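Student: Could you take one buried position in this assembly and look at it closely, then work outward from it to its surroundings? I would like a connected account rather than a list.

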There are 6 protein chains.
Amino acid sequence: MAGPHFRDGHPWMVDVGGKDPSARVAVAEATVRLPADAAAALDEPNAKGDPVAVAELAGIHGSKRTADLIPLCHPLPLDRCEVVATRDGAVVRFTATAATHARTGVEMEAMTAASVAALTLYDMLKSVSKGITIDGVRLLSKEGGKSGAWSASDPST
Amino acid sequence: MAGPHFRDGHPWMVDVGGKDPSARVAVAEATVRLPADAAAALDEPNAKGDPVAVAELAGIHGSKRTADLIPLCHPLPLDRCEVVATRDGAVVRFTATAATHARTGVEMEAMTAASVAALTLYDMLKSVSKGITIDGVRLLSKEGGKSGAWSASDPST
Amino acid sequence: MAGPHFRDGHPWMVDVGGKDPSARVAVAEATVRLPADAAAALDEPNAKGDPVAVAELAGIHGSKRTADLIPLCHPLPLDRCEVVATRDGAVVRFTATAATHARTGVEMEAMTAASVAALTLYDMLKSVSKGITIDGVRLLSKEGGKSGAWSASDPST
Amino acid sequence: MAGPHFRDGHPWMVDVGGKDPSARVAVAEATVRLPADAAAALDEPNAKGDPVAVAELAGIHGSKRTADLIPLCHPLPLDRCEVVATRDGAVVRFTATAATHARTGVEMEAMTAASVAALTLYDMLKSVSKGITIDGVRLLSKEGGKSGAWSASDPST
Amino acid sequence: MAGPHFRDGHPWMVDVGGKDPSARVAVAEATVRLPADAAAALDEPNAKGDPVAVAELAGIHGSKRTADLIPLCHPLPLDRCEVVATRDGAVVRFTATAATHARTGVEMEAMTAASVAALTLYDMLKSVSKGITIDGVRLLSKEGGKSGAWSASDPST
Amino acid sequence: MAGPHFRDGHPWMVDVGGKDPSARVAVAEATVRLPADAAAALDEPNAKGDPVAVAELAGIHGSKRTADLIPLCHPLPLDRCEVVATRDGAVVRFTATAATHARTGVEMEAMTAASVAALTLYDMLKSVSKGITIDGVRLLSKEGGKSGAWSASDPST
């Protein structure tokens, strides 16, 4: 395997000890597609409870478990994490931002935050519809580190 | 909010204490779409390391963290979990099966297993390509419980 | 030590294997006393964010970590957990209910849920006031198990 | 909500990336009030087992789970943690000290350590008395960071 | 691979759903061999602190993380766990007992408890001697389940 | 107790705040001794599944849980972790390397990685033989920190 996660055929948590810590930011998103009944459930008035707000919070919380979930991912502190939901009809989009000062990037923390937010919304609506789908879990941009800035909207980078 | 996860405006872990434990199975999938360079990386011969096998294992492992990640999800024991990857060119599909005897279903365990497997493969290939996307995280089927069997391929259920 | 948590001088997770599983419920509370500036912060209008709702959710989530936190506490599944906040001026009271079918009780899950909710509210207001105090973390009632029902409001039990 | 934990109505883990890491210390306490039978149980001679020592250890251990429990709390390394119990008749007081070099403070780590120690003592004595209460979980002092030193005993700070 | 942990070449958490829950007990041990300086450190009088008692407690606590650590191990509740240390000169032996009612055995919980106890003692003495060795981590006996009772001291079983 | 893990009779997570962060590396090993039937099981041809590779991965993953398992161990980020298995007949040896930049060493992370790898192999082969033993869990070398380099093969250090 050519990727850096194997060495001589053994998996490893890649050595980042030779790098200096630097500021890193990553932004990822996940999209939840709701069948009509699930979308309607989100539209019902409710005094206080908001499944989307619960999902945002769960995503932030979940970003802190990234290294627990992804075997070869480095554990690192986080300087910041936020997950913001936007809704367009039957589609809820979670945009997750993670930042750190570390020797490696926070792409996985942002990807995990977006995924956990989407799974949490799924959980809260699954009794209404089993046909909910999570799509487009992907990196939107990153900054910092040796490879520098990258944005999905600028494919030349 | 109409869903069962709120009561009088407060979130809650729904009361399943009135149900009897029964056998439950859920199957979910997640699809990883690889740009050409990432797909090529998977094709390189390597003596021993296999990112897809690492991802399968991480998915099984991750299913056990479901209740840690999803705030209102019930903690429950698992009788079985497996994650099987199939590859079709630039697409890797993870199919996750979870089973239990419990008072509530294992949909979230299967969804989480598939998601963590996909995120792990993403992690192992992200240095090769930043354009990898996870799509179609969804339930394929479930059995057991009051609502009985359901299959995505049989929309009449 | 007379308590059941030591045997021949060694700590142990008490043997509950001789009991049959039965329905158990426990209710606990924790009170957060807010100095004037912290109470005022809770009164400010805000479009969406609600620290008390975040705290309720964190309490439910935290109940699932009880056995991770309390060394001699038995790990057990939960049938239900909810945390409800009520506010009376500068006092926020979190009432936590946990339920299970198990060989031992869920007092610690309810106590932990209430404590984590209170700590979370503290965290969200600590930049406003360092003088916030958590008081009265205590069991309100329990049902089930060999010792049967008990209520703090009925000291004869 | 005015506090820093919400931005535009969304919860977030506050951005501390603009701060430099610095030495931080926080001290918190929690008080366990024991009914007479529970206090008497602590007085019984026992060869080796000491519930208070178990609670001190659990508090230190629990401080490492702070960011797992408190949704918007930053994960950070710890340079030091200790929990010391003192007893005055029917009152056991746990004083927890946490220290780090980080971009944010360790108040929550100290508060969590004190709370978990108190909950653990509660757990070990709950079979003796259900009327045990945890009171006065509060910050005693902090040092470091932009806001500098603060002490509960010096309200002018 | 012939073992039950692979099926068609994929790792899996073996299906135990066809078994009925039954009482299970497992006993394991781990031995810590101390160089002279580390053994002497244990002999120094100390008012209260006891590294061996800390290790016993950590072993019990650690047994609850077994399924978090061992990828294909089933998560299960525990009815009981204890770790008892005995010392013979420069050798400290930790004997761990775990019990459950479940569809699979608790050998790994007992093995993990013994290992974590040994690692914890190592941690507490490593500044005194780097030559401490953990040996003989092994199963002593098991009861329950389809395969019935087994004891290391009775090789005919 | 003379070790640094107690102060005035109370356990504590030793204060390392006065040290500067520096590069640290530790190497540990664990040996798994397989009875003939378990060794034979490893020799069977299998298309894809490899228990030893699963164990290597679990060891790396487990190193990230070290501070969760060992009560007085400092939580710290990891720059690198790898676990490499070598086999000599009925003996499988896991060599674990951990590295960080921190105020304290990574001996426990390496020891835990080796132990978890060994326990995982045990788990995967325990249905074949109950007589598997883990031996020789020990530190091989360390670099960095005030006490400098040490190697088990050079007892004069």
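Tutor: In this model, which is predicted, Leu69(B) counts as buried because 26 C-beta neighbours lie inside 10 Å, where the cut-off for that class is 20 or more. The residue is found in helix 3 of chain B. Once neighbours within four places in sequence are left aside, the contacts of Leu69(B) are Gly62(A), Arg65(A) and Val116(A) in chain A, together with Thr112(B) in its own chain. The last of these pairs, Leu69(B) and Thr112(B), is separated by 43 residues in sequence, while the distance from C-alpha to C-alpha is 9.0 Å.

The contacts with chain A lead on to the interface as a whole, to which chain B and chain A contribute 51 residues each. On the side of chain B that touches chain A, the elements giving two or more residues are strand 2 (10-13), helix 2 (51-63), helix 3 (66-69), helix 4 (107-125) and strand 6 (133-143) of chain B. Of these, helix 4 of chain B gives the most, with 12 residues, and by class this side of chain B has 27 nonpolar, 13 polar and 11 charged residues. Strand 6 of chain B also takes part in a pairing with strand 6 of chain A, which runs in the antiparallel sense over 2 bridges, and Val137(A) stands opposite Ile134(B) in strand 6 of chain B.

A position in chain A offers a contrast in burial: Ser127(A), in the loop between helix 4 (107-125) and strand 6 (133-143) of chain A, is partly exposed, because 17 other C-beta atoms lie within 10 Å. Although Ser127(A) and Ala38(A) are 89 residues apart in sequence, their C-alpha atoms are 8.9 Å apart in space.

Turning from chain A to chain C, one finds another contact of chain B, in which 15 residues of chain C meet 18 residues of chain B. Helix 2, strand 4 (80-88) and strand 5 (91-102) of chain C each supply at least two residues to the side of chain C that touches chain B, and the residues on that side divide into 8 nonpolar, 2 polar and 5 charged. Here strand 2 of chain B pairs with strand 4 of chain C in the antiparallel sense, over 2 bridges, and the bridge partner of Trp12(B) in strand 4 of chain C is Glu82(C).

How, then, are chains B and C related by rotation and shift? Chain C is superposed on chain B by a rotation of 120° with 0.0 Å of shift along its axis, at an RMSD of 0.0 Å, and the two copies are therefore related as by a three-fold rotation axis. The C-alpha of chain C nearest the axis belongs to Pro77(C), 4.4 Å from it. The copies nevertheless use different surfaces, since 7% of the contact residues of chain C recur in chain B.

Within chain C, helix 2 (residues 51-63) and helix 4 (residues 107-125) pack at an angle of about 145°, with their axes 7 Å apart, and their crossing is right-handed. The residues that meet there include Val52(C), Ala55(C) and Gly59(C) in helix 2 of chain C and Thr112(C), Val116(C) and Leu121(C) in helix 4 of chain C. By class, this contact has 13 nonpolar, 5 polar and 2 charged residues.

Conventions. Residues numbered from 1 in each chain as written. Chains lettered and ligands numbered in written order. Predicted model: local features only at pLDDT ≥ 70, side-chain atom pairs only at ≥ 80, totals over all residues. Helix = DSSP H or I, 4+ residues; strand = E, 2+ residues; numbered from the N terminus. Buried ≥ 20, exposed ≤ 12 C-beta atoms within 10 Å, placed from the backbone. Contact = placed C-beta atoms within 7 Å. Nonpolar A, V, L, I, M, F, W, Y, C, P; charged D, E, K, R; others polar. Pairing = 2+ DSSP bridges. Least-squares fit on C-alpha atoms with pLDDT ≥ 70 in both. Axes fitted to C-alpha atoms, helices over the stretch in contact; angles between N-to-C directions. Left-handed = near helix turned anticlockwise from the far one by under 90°.
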